[in-house]
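Please look over the sequence and the model shown here before reading on. The report is meant to be read beside them.

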Amino acid sequence: MSTILDAGGHHITLLGDSILDNKVYTRQGRCVTEHLRSKLESRNCMVTNCAEDGALLDDVGLQLCRIPESSTVLVMSAGGNDGLRQLQNLESDPCIGNLISKIGWIRQEFRSRYAEMLQRALQTDLPLVVCTVYYPNFFRHASFGSWGGCSSWWRAFFLQLVACIGVFCINLVIRAEARRQGLPIIDLAWVFNHAQDYANPIEPSVFGGDKISNNIIDVLDNHALDKRVSSTFWSCSYSATQFPEGSFACPRGEKDALTHEDHVRSRLSKAAQNADFRETHLQSRLPASSTPTIAQEVKRVVRLPDTSSNPEASVARYVSIDPKTGRAWGMPNAGGRGQCLDCPNKAAIPSKRCVRCQLAYTQASEPMAAVDMQRLQDVLDELVLALPMAKREDVATRLQNLKSCLAAGKIQQAIQQKLLGIVDATTTGDRTAAKQEAAWLAAHHWEQHKSWIVALRCLLV
C-alpha cells in the first residue's frame with residue numbers, strides 16, 4: 001500500500017488534551033511528541049503539538065485554528081477532561097441518582113458535542129485519527145496500613161469504580177462516532193494495561209507515551225489514510241525498557257522554542273482543575289482528624305535567590321523534609337545522573353548542569369558592547385511594534401530585564417553571541433535561523449533566563 005509517508009513524509013499534528021500533551025508529567029523523560037520525533041526522524045516526518053493539558057471538547061475548535069498549513073494528518077484525543085468534570089461533581093454528591101444522571105449526560109450531551117467536534121475536525125479535509133480514553137489508575141497512589149490509609153484506599157476505590165463506568169460509556173460514544181465517520185481508532189483503553197504506563201493516576205508516563213506513539217506510527221504504516229474506513233489499533237508493546245533523558249522543555253513545533261508564557265498560564269489553569277486526581281492528592285483530601293501514624297515526607301526543589309554575596313545560593317537543590325522532626329535528606333539516587341550540559345561531569349539534580357557550571361553562570365561577565373547593544377535594541381524594538389497591543393507591554397517589560405542584565409554583565413559571552421546571532425538572522429530575513437537560536441537558548445538556559453527567553457519566543461513566533 002502506498003502512503004504519504006512513503007512519498008515524502010507526514011506532518012503529524014496532535015490535538016486534544018494531556019493524553020498527547022504530557023510533557024509536564026514526564027519531566028526530563030520523553031513525552032508523546034518527543035517519542036514521535038525520535039522514531040520518525042529518519043523518515044522525513046514532522047510533529048507539531050497543538051494539544052493542551054486540561055483541554056475540553058469545546059477547546060479543540062481553537063486548536064484546529066492553529067494547525068500548520070503543512071499538516072498531512074491529525075491525531076486527536078479528547079473527552080477525558082469532560083469526564084473528569086463530571087467525576088468531580090459526582091464525588092461531591094455520591095448517590096445512585098447522580099450517577100445515573102451522569103451516564104445520561106454522556107449518552108446525550110457528550111455524544112452531541114463529540115460528534116460536532118469530529119465534524120469540525122473533518123472540515124479541514126485532513127486524515128483524522130481518534131483515540132479513546134484509557135482507564136485511570138487511582139490505586140497506584142492509595143495508602144494502606146493506617147486508619148488514614150483506609151480512608152485513602154476507599155476514596156481510591158470509589159473513584160476507580162465510578163471512573164471506569166464513565167470511561168466505558170465515553171468510549172462507547174467515541175468508538176461509535178468514529179466508526180460512523182469511517183475513522184481509524186487507537187483504543188487506549190486496551191493499550192494502557194500496566195502500572196508503569198501512568199505518571200500519576202490520570203496522566204501518561206514515558207512508557208505510556210511510548211505506547212501511544214507506537215500506535216500512531218502503526219496507523220500511518222498500516223491504514224489507508226485516503227479512505228474513510230474505520231479500523232482499530234491497540235498495540236500494547238514497548239519500544240524499549242528504558243529511554244534516554246532529555247530536556248525539561250519540549251517545543252510544540254519542530255523548530256520552535258517554548259510556548260509563550262501567557263499561553264502556558266492558560267493551559268495550567270485548565271489543568272489545575274484536575275489536580276485533585278493527580279499524584280498524592282488522594283491522601284491530601286483526608287479529614288483533619290484522620291492523621292497518619294507515620295509522618296509523610298514533603299519533597300520539593302529549593303532554589304535560593306541569586307545574590308552576589310553568596311554565589312552558591314543559585315545552585316538548585318532537592319530537599320526531602322520530615323514535617324515532624326524537620327530532618328532533611330538530599331536527592332534519592334535512582335541509578336545515576338545525566339551528564340552536565342557544559343562539561344563531562346554529572347549534573348546536579350534537579351538542574352541539568354553540575355554545581356561548578358551553575359556557579360560559573362553566577363560570575364560576572366563583560367557587558368555587551370554598546371554597538372552590539374544598540375543593534376539588538378533596534379531589532380527587538382522593531383519586532384515589538386509588530387506585536388498586538390495586548391502583548392506589547394508584557395514583552396517590553398521582559399526585554400527591559402534582558403537589557404539590564406546585558407548592561408550589568410550578568411549574561412555570559414556565549415549567550416550574548418546567540419543573541420547577536422538572532423539579530424543577524426532577523427536582519428537578513430532568516431526567521432528560521434533566528435528561531436533555531438532562540439530554541440537553543442530555551443533548551444540550555446531556560447532555568448536562568450526564562451523571563452526574557454519567553455519574550456524572544458513571542459517575538460519570533
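What follows describes the nonpolar cores, two helices, one strand and two single residues.

This is a predicted model, in which local features need pLDDT of at least 70 and side-chain atom pairs count only at pLDDT 80 or more, while totals for chains, interfaces and linings use all residues. Residues are numbered from 1 along each chain as its sequence is written, and side-chain values use heavy atoms, with hydrogens and water left out.

**Nonpolar cores**

A nonpolar core is a set of buried Ala, Val, Leu, Ile, Met, Phe, Trp, Tyr and Cys residues joined through side-chain atoms within 4.5 Å; buried means under 20% relative accessible area, exposed over 50%, and partly exposed in between, with a 1.4 Å probe and protein chains only. The largest such core has 31 residues, of which Val395, Leu399, Leu402, Leu406, Leu441, Trp452 and Leu459 touch the most other members. Helix 13 (370-385), helix 14 (389-407), helix 15 (413-427) and helix 16 (431-460) each supply at least two residues of this core, and the largest share, 11 residues, comes from helix 16. Helices (H or I, at least four residues) and strands (E, at least two) are DSSP runs, numbered from the N terminus. Apart from this core lies another, of 29 residues, including Cys50, Val60, Leu74 and Ile170.

Leaving aside residues up to four places away in sequence, Trp452 touches Arg398, Asn401, Leu402, Ile411, Ile415, Leu419 and Leu441, where contact means heavy atoms within 4.5 Å. His449 lies in helix 16 and is buried, with a relative accessible area of 11%. With the same sequence neighbours left out, His449 touches Lys410, Ile411 and Ile415. The side chain of His449 also makes a polar contact with the side chain of Trp452 (3.3 Å); a polar contact is a pair of N or O atoms within 3.5 Å, and within protein one must be able to donate a hydrogen and the other to accept it, with residues adjacent in sequence counting only if both atoms are side-chain atoms.

**Helices 6 and 9**

The expected span of a helix is 1.5 Å times one less than its number of residues, and the table sets this beside the distance between the end C-alpha atoms.

| Helix | Number of residues | Expected span | End C-alpha distance |
|---|---|---|---|
| Helix 6 (residues 96-122) | 27 residues | 39 Å | 38 Å |
| Helix 9 (residues 206-222) | 17 residues | 24 Å | 24 Å |

Helix 6 has a kink of about 35°, centred on Ile106, the bend at a residue being the angle between axes fitted to the seven residues ending there and the seven starting there. Ile106 is itself among the buried residues of helix 6, which also include Trp105, Phe110 and Tyr114. In helix 9, 14 of the 17 residues are buried, so helix 9 is largely enclosed by the rest of the structure. At its start, a side-chain oxygen of Ser205 reaches to within 3.2 Å of the backbone nitrogen of Phe207.

**Strand 1**

Six of the six residues of strand 1 (residues 11-16) are buried, so this strand is largely enclosed by the rest of the structure. His11, Thr13 and Leu15 point one way, and Ile12, Leu14 and Gly16 the other way. Strand 1 runs parallel to strand 2 (residues 46-49), joined by four bridges, and Leu14 stands opposite Asn49. Strand 1 also pairs in the parallel sense with strand 3 (residues 73-77) over five bridges; two strands pair if DSSP finds at least two bridges between them.

**Ser235**

Ser235, in the loop between strand 8 (232-233) and helix 10 (261-271), is partly exposed, with a relative accessible area of 24%. Its side chain makes a polar contact with the side chain of Ser237 (3.1 Å).
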